[in-house]
Amino acid sequence: MLAHLEFYAEAAIAIVLVFGVCVTLHEFGHFYVAKRCGVAVPVFAIGFGPKVVSVVRGGTEYSLRLIPLGGFVQLAGEAPQESWFPIGQSVAYEQDAAGEIVALGEPKDLPNGRVGVVREVDLTDRMIMKLETEDGIQRFHVRNGARVMLSRRSSIPVVPKEQQMIGKPLWQRAAIILAGPIMNLILAGVLFSAVNTYTGVPTTTVGHVEPGTPAAHAGLVPGDTILAVDGRSIHSWAGLVRAVSEDGVRGGHPQPLVLEVKTANGARSIAVTPHLVSGAPMIGIDAQISHSPLHTIPAGFSALVRDIGMTIQGYVGLFVHHQFQSLSGPVGIAHVITEQVRFGIWNVIAVTGALSLGLGLFNLLPIPALDGGRLLFMAIELIRGRRVDPEKEGFVHFVGFAIVMLFAVVITYRDVTHWF
């Protein structure tokens, strides 16, 4: 019983860490590039729900939240600031000695403020509000940095246009949105490389020669490095296997191969004719395994490129052939992580890399509410020469978010019924 409890505790920790790392690094990508572009970032949170601890630095509130699954970042002006205060809504406000508004919020969140009804608001260009108060309709200037109360204890600042997403050129906005998925892809490559460094990767250097095989008869010995096959440059063990498979047989008969080999005594050419084993040409060597970062890092990022291609093919099959049964939601992914915990930390790291890759590519799909959907609107803006109305774009993203959430609920229900 204690062993089972220990395993499920480890699995729970692994699930939290895997989701947390993948989502938090995604949000950090948005955060870092936004800061570099001069966009205000009022909130950077790890986790969701109520704040456990928070600190404000450089205009950003960094917080650790109660539910430790992922995180989020809030970018100023991603949606127009005036959308916080619809026309006709009652709003509480506080003023400084000069009469400028320094705090805004719902009356319950700003109990000491005066209350008015919003009649006009522009928090992008003019930074003004017209409120209907007991003294009639009055026009107020909203001070840069004025607090907008999200609750009695939490607020975000109003910032000028030059610090808002909406005030930045198209290329900077696109870079900010792209940064999240790109961070996921970089994380995947780093984790694949780390796993390779632990397990080792096969190289083009001969590690073992099977006695009595074509390689042994040709004089290959451990330590020889194969540089080319029939004039085709070789850079990886997979490339060597592919070259032998493609050039070593023709019409069902083995074909002689010329190997360019680097030996202890210099480079030389070696002729070798493979044997056919179950119809496949074999020369009888095994690769030398390397744990050097000089080999494992390129192999990790090569695997990343390969898996990106495979994932894109999977998405094509998903939408063209309606292969939705292959999708997994959070419950299915959690089940996979739990299974990998049984095999050790490096399996968990490998599945973290795969999840990060999937998260990055999924967010690039041109679906409203996802990063790819926002990039799609930017592409439309580039073609049209002017931005789509922010309110219309916001509505499309809202509908897209609702559809994505509904789809997630369906996938989660299917995962629960399948696994449990």
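In this predicted model, strands β10 and β11 (residues 232-233) pair in the antiparallel sense over two bridges. Strands here are DSSP runs of E with at least two residues, helices are runs of H or I with at least four residues, and both are numbered from the N terminus. Two strands count as paired if DSSP finds at least two bridges between them. Residues are numbered from 1 along each chain as its sequence is written, and side-chain values use heavy atoms, with hydrogens and water left out. Because the model is predicted, local features need pLDDT of at least 70 and side-chain atom pairs count only at pLDDT 80 or more, whereas totals for chains, interfaces and linings use all residues.

Within the pairing of β10 and β11, Val229 has Arg232 of β11 as its bridge partner. The hairpin formed by these strands has two residues between them, and Asp230 takes a positive phi near 50° there. Strand β10 also pairs with strand β14 (residues 257-263): four bridges join the two, which run antiparallel. In that pairing, Ile226 is matched with Val261 of β14. Strand β10 (residues 225-229) is largely enclosed by the rest of the structure, because four of its five residues are buried. Buried means under 20% relative accessible area, exposed means over 50%, and partly exposed lies in between, with a 1.4 Å probe and protein chains only.

Arg232 leads from the hairpin to a charged contact. Arg232 forms a salt bridge with Glu246, with the closest N and O atoms 3.1 Å apart. Since Arg232 lies in strand β11 and Glu246 in helix α4 (residues 237-247), the pair ties together parts that are 14 residues apart in sequence. A salt bridge is defined as a side-chain nitrogen of Lys or Arg within 4 Å of a carboxyl oxygen of Asp or Glu. Arg232 is partly exposed at 30% relative accessibility, and Glu246 is likewise partly exposed, with a relative accessible area of 45%.

A search of the whole structure finds 19 salt bridges. Side chains of opposite charge can pair when their charged atoms come close. One of these contacts joins the side chains of Asp96 and Arg143 (3.4 Å, N to O). This pair links distant parts of the chain, 47 residues apart: Asp96 is in the loop between β3 (90-95) and β4 (101-105), and Arg143 is in strand β7 (residues 136-149). Asp96 is partly exposed at 22% relative accessibility, as is Arg143 at 37%.

Another salt bridge brings together the side chains of Lys161 and Asp125 (3.1 Å, N to O). Here too the pair links distant parts of the chain: Lys161 is in the loop between β8 (155-157) and α2 (170-199), Asp125 is in the loop between β5 (114-122) and β6 (128-133), and they are 36 residues apart. Lys161 is partly exposed at 33% relative accessibility, whereas Asp125 is exposed at 52% relative accessible area. In addition, a network of salt bridges links Glu120, Asp122, Arg126 and Lys130.

The surface also has a nonpolar patch of about 690 Å², made by Ile46, Phe48, Val52, Val53, Leu64, Leu66, Ile67 and Leu69. Patches comprise residues with over 30% relative accessible area and no salt bridge, nonpolar side chains (Val, Leu, Ile, Met, Phe, Trp, Tyr) being joined within 5 Å and like charges within 9 Å. Accessible areas come from the Shrake-Rupley method with a 1.4 Å probe, and for residues only the protein chains shown count as cover. Strands β1 (43-57) and β2 (60-74) each supply at least two residues of the nonpolar patch. Leu66 is found in β2 and counts as exposed at 55% relative accessibility.
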